[in-house]
Amino acid sequence: MNKGAFITFEGIDGCGKSTQIAMLEEYLVSSGKTVIKVREPGGTVVGEKIREILLSKKNDSMTPMAELLLFVAARAQITEEVIKPALSEGKTVICDRFFDSTFAYQGYARGMGTDKVMDINLAATGGLEPDITFVLDISPEKAFERRAVRDGGQQDRMEALGLEFQRKVREGYILASQKYPRIKVIDASGTPDEIASVIRDLTMKIGEA
Ligand code: TYD
């Protein structure tokens, strides 16, 4: 694995990203890497304000285009302010969601068009793409059970869209993985240790091909 790798984690809500991100971070740090961990939307002062707007259930009148542009605006900010400087200093960046979320949620599940969304995404990041992306694949039913335990039934504006929406998001991720070879779909129904070991092996191969 090279210095300055850019790794992103994706999946439907409740797929187990946080656990896997923490495990990969611990592994990389113990093998001597400097790691920066960020989340989307958010991760900057501007981005956290945008996050509040996006996730507040009070904003149920938000149009799909406004939603798309707000997610992308938060991404433009974190890319310039945090991700690019860290990569150029040789740090490894792990991002909890990045532009494949917009592909799957807004482009596919909301029906706004995946090609259009990817064009806007790439404009926002100035062409920066992850080196590798892990989609943690799990059934929406199982993810829903995990979220119920984690959040005690509390849902944000996106989660409140329900199981049918999560099914579409899952399909959107599969479609993205067929278009972009950097995306690795990982069966997330196993134990955390099993999943972490698959992710570690793939991470160590970054830059080898
Ligand atoms: P968050 O609490 O960060 O969810 P999670 O813990 O599952 O990552 O909330 C982010 C929500 O926003 C989540 O439902 C996914 C959604 N989202 C989009 O719809 N488009 C995007 O581009 C991004 C980054 C997130």
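Biologist: What makes the pair formed by an oxygen atom of the ligand and an N or O atom in the side chain of Asp13 a polar contact?

Modeller: In this predicted model, the two atoms are 2.7 Å apart. A polar contact is a pair of N or O atoms within 3.5 Å, so the Asp13 pair qualifies. Lys17 has such a pair with a ligand oxygen at 2.6 Å, and Arg51 has one at 3.0 Å. Taken alone, the ligand exposes 550 Å², of which the protein buries 92%; these areas come from the Shrake-Rupley method with a 1.4 Å probe.

Biologist: How do you choose what to trust and count here?

Modeller: As the model is predicted, local features need pLDDT of at least 70 and side-chain atom pairs 80 or more, while totals for chains, interfaces and linings use all residues. Residues are numbered from 1 along each chain as its sequence is written, and side-chain values use heavy atoms, leaving out hydrogens and water.

Biologist: Why is Arg75 called buried?

Modeller: Its relative accessible area is 2%. Buried means under 20%, exposed over 50%, and partly exposed in between, using a 1.4 Å probe and protein chains only, so Arg75 is buried. Arg75 lies in helix H3, residues 64-88; helices are DSSP runs of H or I with at least four residues, strands are E runs of at least two, and both are numbered from the N terminus.

Biologist: Which residues does Arg75 touch, not counting those up to four places away in sequence?

Modeller: They are Glu40, Phe98, Phe99, Thr102, Asn121 and Thr125, where contact means heavy atoms within 4.5 Å. Glu40 is also joined to Pro41 by a cis peptide bond, with omega about -10°.

Biologist: And why is Arg97 counted as buried?

Modeller: Its relative accessibility is 11%, so Arg97 falls below the cut-off for buried. Arg97 sits in the loop between strand E3 (92-96) and helix H4 (99-109). Its phi is near 80°, a positive value in a residue other than glycine.

Biologist: How do you know that the buried residues of H2 line one face of the helix?

Modeller: In helix H2 (residues 45-55), Gly47, Ile50, Leu54 and Leu55 are buried. Seen down the axis of H2, they fall within an arc of 120°, so they line one face; the arc is that of the directions from the helix axis to the C-beta atoms. An α-helix has 3.6 residues a turn, so residues three or four places apart point the same way. The face turned away from the buried side carries exposed Val45, Lys49 and Glu52. What covers the buried residues of H2 includes H3.

Technical notes. A polar contact is a pair of N or O atoms within 3.5 Å; within protein, one must be able to donate a hydrogen and the other to accept it, and residues adjacent in sequence count only if both atoms are side-chain atoms.
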